[in-house]
Amino acid sequence: MLRHMGRRTFLKWMAAGVAGAAVSRWTGAARAAAPKRPNVLLIMADDFNTALSGYGHPQCKTPNLDRLAARGVAFARAYTQFSLCGPSRASLMAGRYPLSTGIRGNGGRLPAECVTLPVLFRNSGYWTGRVSKIYHMGVPGHIFTGDNGTDHEPSWVERYNVSAMETLSPGKAEDVMREDSTHLYADLREKWKAYRHKGGKFRIPAGNHQGSDFVIVEADGGDDVMADGMAATKGVELLRERAKAGGPFFLAVGFVRPHVPLVAPREDFKGYAAAEMQLAEVPEGDLQDIPAAAQGNTNAQKYQLGETDQQKTLRGYYAAIHYMDSQVGRLLDELDRLGLADNTIVVFASDHGYHLGEHTMWQKMSLMEESIRVPLIVAAPGRKARGATSSRIVELLDVYPTLAALAGLEPPPELQGQSFAHLLDVPDAPHARKDAFSDVGHGFCLRTDRWAYMEYQGKGKGSGGTMLYDMQRDPKQYTNLAGKAAHAEVEQALRERLHARIEAAKRKP
């Protein structure tokens, strides 16, 4: 509908909406006029799998995220729509699949006329603000320079970027993956200052500034130099301003950890000794029954990390999470201090999962469980469930219609998600969504209660292929059942369902 709206008409609609006028049947302005409209605090992490103590992780500790979960519901089976930052974030914010938004890479940008999640709230009289990475920003690239990345400007009344040294942070630095350029950091820190807030690309020799290199930094500094510390400080400042100003707000705070480089203050490394880090169990011949197209991020093909370097990487990943978790705690503490907690919906999510050696795979861009499953925690005032876990399948794009429902707003008709608001009262109540659909650009996954079915297209030297896992009997996905006669009927049914979901996901507004 809005795709055909002229830009001048759209801008007039936006201006009227911010003023609270009822300019269309679905803006929700009439409902939003009700007293005591709930605030929204959306917190996003980056490249964060389900390594939370509250999700049962044996080593990584996340006391503040666990505290948030105690106020609401943790979703044990939440799935990303694309296991890459840009497409996933655009999908969540637009409430539509990447096949519909057309954003299936990190360079894509939603059009100005897209009625994103914060646009809906903004047009319903809410102040909307962003701090750091919500839509895609290159990490550490855009964090070096403090750029907007692929941000959607109409989403926000105010927006703030952070600019941090990232890999160059003073302290103990080690590159366990590529050519070590840490000896250049002192001089590069001076050069970085010239790029800060001026745009362009800031590069480090040997390529270890890019988003796929395991550089581990035990930093000497604290919240004033860490990207996530800066983001939390600004988030706290904005919460104070909103409390003073009155009126409902939608504040989105993006944290960039644990995305590489794995940077955290030294203090956050203390609880994680490299020698004690538990490596993923990988059976002999684990990759022999999966197609080549599914093996792009394996240790043999790309990473080649020995056991010691793997343990160092795990230590850095958990330390980065521990620090990010403490910044979540700062936001929660401020909500409590300001008396806002009882009227603020808090959502915490990651854009996608992350491999840490499972199947010898590292990072993202696969369709295996570790890459597509994400943490999702929702605490909403007035809802019955507290400290509960839901086993119902939900998708990240379901966050949009859920928040609209909780705030009493009517979302635009082009949304492809389903509200799970009722699960915040009864976490395992019947739910319309029976399966999750994930995209990786050269393959698709259908995840049901019991089964995970993937179809990969050929990519490079890969010839494509299919994968089928019984998640009840084989939750770690060691045995590919695709092509087995005993499972032919199940595989055919899942194939038909996956293809139906692919076609439905292509629907444009």
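## Cavities and the main pocket

G86, R89, A90, I103, G108, R109, L110, Y135, H136, T150 and H152 line the largest cavity. Keep in mind that this is a predicted model. That cavity holds about 50 Å³ of space, and searching the whole structure turns up 2 cavities of 30 Å³ or more.

What about pockets, and what volume does the largest pocket have? It comes out at about 770 Å³. Its lining takes in 28 residues, and T50, H57, E358, E370 and K476 are the ones nearest its centre. Helix 12 and helix 13 (369-372) are the elements that give two or more residues to this lining.

## Two nonpolar cores

Now for the greasy side of things. The largest nonpolar core has 75 residues, and F48, Y318 and F348 have the most contacts inside it. Which helix gives the most to this core? That would be helix 12 (residues 307-337), with 11 residues.

Y318 is worth a look on screen. Leaving out residues up to four places away in sequence, Y318 touches A51, H57, Q59, C60, Y272, M277 and L356. H57 is thus a contact of Y318 and also one of the residues nearest the centre of the largest pocket. There is also a second, separate core of 48 residues, and its members include V119, F121, A388 and V399.

## A three-strand sheet under helix 12

One open sheet has 3 strands in the order 5-6-8, with mixed pairing. Which strands stand at the edges? They are strand 5 (171-175) and strand 8 (262-265); each has a single partner strand, so one side of each is left without a neighbour in the sheet. From one strand to the next, the twist averages 10°.

Strand 6 (residues 215-219) and strand 8 run parallel and are joined by 4 bridges. On strand 8, P265 stands opposite A219. Helix 12 shows up here too: it lies across strand 5, strand 6 and strand 8, at about 55° to strand 8.

## Strand 7 and its partners

Is strand 7 (residues 249-258) mostly covered or mostly exposed? It is mostly covered, with 10 of its 10 residues buried. Strand 1 (residues 39-46) runs parallel to strand 7, and 6 bridges join the two. Within that pairing, I43 has V253 in strand 7 as its bridge partner.

Strand 3 (residues 127-132) also pairs with strand 7 in the parallel sense, over 6 bridges. Here T128 has F250 of strand 7 as its bridge partner.

## Helix 14

Helix 14 (residues 399-407) is mostly covered as well, with 8 of its 9 residues buried. The buried ones are V399, Y400, P401, T402, L403, A404, L406 and A407. V399 belongs to the second core too. Just after the helix, G408 takes a positive phi of about 75°.

## Q81, a loop residue

Where does Q81 sit? Look in the loop between strand 2 (73-79) and helix 4 (85-94). Q81 has a relative accessible area of 2%, so it counts as buried, the cut-off being under 20%.

Not counting residues up to four places away in sequence, Q81 touches S91, Y97, P98, E395, L396, L397, F437, S438 and D439. For a sense of where Q81 lies relative to M324, the two are 243 residues apart in sequence and 23 Å apart in space, C-alpha to C-alpha.

Methods. Residues numbered from 1 in each chain as written. Predicted model: local features only at pLDDT ≥ 70, side-chain atom pairs only at ≥ 80, totals over all residues. Heavy atoms only, no water. Core = buried A, V, L, I, M, F, W, Y, C linked by side-chain atoms within 4.5 Å. Buried < 20%, exposed > 50% of the residue type's maximum accessible area, 1.4 Å probe, protein only. Contact = heavy atoms within 4.5 Å. Pairing = 2+ DSSP bridges. Axes fitted to C-alpha atoms, helices over the stretch in contact; angles between N-to-C directions. 1 Å grid on protein atoms, 1.4 Å probe; cavity = no way out; pocket = protein on both sides within 12 Å on 5 of 7 lines; lining within 4 Å. Points joined across faces, edges and corners; volume = space filled by probe spheres on them.
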